[in-house]
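Visitor: I would like to take a close look at one part of this protein, please. Let's begin with a single residue and work outwards from there.

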Amino acid sequence: MFKITDMYDLDHTLAKDYLMGFDYPWEALKGIKELILTLGPTLGEDYEEVSPHVWVHKTAKVFPSAYLGEPCIIGPETEVRHCAFIRGSALVGANCVVGNSCELKNVILFDHVQTPHYNYVGDSILGHYSHMGAGSITSNVKSDKKLVVVHNGEEQIETGIKKFGAMLGDYVEVGCNSVLNPGTVIGRHCNIYPTSCVRGVIPERSIHKNDGTVVKKRED
């Protein structure tokens, strides 16, 4: 239910071959920096290395006030808007939006991902066509600084990592001002109500209401 092949269409990211080497998406977090440094020089003439280890597709639009930290890759037709802060280790796909005052760190954004307004996304993977509503964030470190555990009902999965934000499957919609707590895993085609506080595994095709209730979507 929350393996990489359950959550993502890997044809919509440059990280396809890399991700195929893992079972669970959080296992891929440690190697994102090295992945980008390996991929960058192979991208070809459609990308420009605008500063050391920062590759931007020629059709991407990066606003002057945006900051692109190394290493990162910005895909075709993507917009990086005013005052966006890419701290580094960010692989951003095609047709994405990284909006005003958003911050990315150690992330993979598949194609058509939108983080358009005041989002923090750290140590996370966002699937194809996933969308973070205004002000929604990933919280990537526990308050007690202990290693993150993924809670799936009564099952507790030890990840062995300290920094782990959220894994969003394809077509996930996160409502405005929601907090995705460390170790959140959201399956494909889920909707998260605005102002929700989310933790653990949300099964695919579910609705997470802001009182914490999770219900399955009705089949059309």
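Does Ser89 count as buried or exposed, and at what relative accessibility?

Guide: Happy to walk you through it. Ser89 counts as buried, because its relative accessibility is 11%; buried means under 20% relative accessible area, exposed means over 50%, and partly exposed lies in between, with a 1.4 Å probe and protein chains only. Please keep in mind that this is a predicted model, in which local features need pLDDT of at least 70 and side-chain atom pairs count only at pLDDT 80 or more, while totals for chains, interfaces and linings use all residues. Residues are numbered from 1 along each chain as its sequence is written, and side-chain values use heavy atoms, with hydrogens and water left out.

Ser89 sits in strand β7, and β7 spans residues 85-92. Helices (H or I, at least four residues) and strands (E, at least two) are DSSP runs, numbered from the N terminus. Setting aside neighbours within four places in sequence, Ser89 is in contact with Ile32, Lys33, Ile36, Glu70, Pro71, Lys105, Asn106 and Val107, where contact means heavy atoms within 4.5 Å. Ser89 and Leu104 are 15 residues apart in sequence, and their C-alpha atoms are 8.4 Å apart in space.

Let's follow those contacts to helix α3. Among the partners of Ser89 are Ile32 and Ile36, and both of these belong to the buried set of α3 (residues 32-39), together with Leu35 and Leu39. The four cover an arc of only 95° around the axis, which puts them on the same side of α3; the arc is that of the directions from the helix axis to the C-beta atoms. As a general reminder, an α-helix has 3.6 residues a turn, so residues three or four places apart point the same way. The elements covering the buried residues of α3 include β7, along with α2 (16-19), β2 (54-57), β5 (72-74) and β9 (103-109).

A second group of partners leads to a backbone feature that is worth a look. Glu70 and Pro71, both in contact with Ser89, are joined by a cis peptide bond with an omega of about -10°. Pro71 is placed in the loop between β4 (67-68) and β5.

On the other side of β7 in sequence, the loop between β6 (79-80) and β7 holds Cys83. Cys83 has a positive phi of about 65° although it is not a glycine. With a relative accessible area of 46%, Cys83 is partly exposed.

For contrast, here is another buried residue. Thr115 is placed in strand β10 (residues 114-117) and counts as buried at 0% relative accessibility. Not counting residues up to four places away in sequence, Thr115 touches Val97, Val98, Gly99, Cys102, Leu104, Leu109, Val121, Leu126 and Met132. Met132 is a useful link, as it is also one of the contacts of Leu180. Leu180 lies in strand β18 and is buried, with a relative accessible area of 0%. Other contacts of Leu180, leaving aside neighbours within four places, include Ile137, Ala166, Leu168, Ile186 and Val198. Leu180 and Ile192 are 12 residues apart in sequence, with 9.8 Å between their C-alpha atoms.

The loop between β17 (173-174) and β18 (179-180) contains Asn177. Asn177 has a positive phi of about 60° although it is not a glycine, and with a relative accessible area of 51% it is exposed. Arg218, in the segment after β24 (214-216), is exposed too, with a relative accessible area of 80%.

Finally, let's step back to the whole chain. The protein has three helices and 24 strands. Its radius of gyration is 16 Å, close to the 17 Å that the globule rule gives for 220 residues, so the protein is as compact as a globular protein of that length; the radius is taken over C-alpha atoms, and the rule is 2.2 Å times the number of residues to the power 0.38. The C-alpha atoms fill a box of roughly 50 × 40 × 30 Å along the principal axes. Ser89 is thus seen in a protein of 220 residues, 51% of which count as buried. Among contacts with a separation of 6 or more, 30% are between residues 24 or more positions apart.
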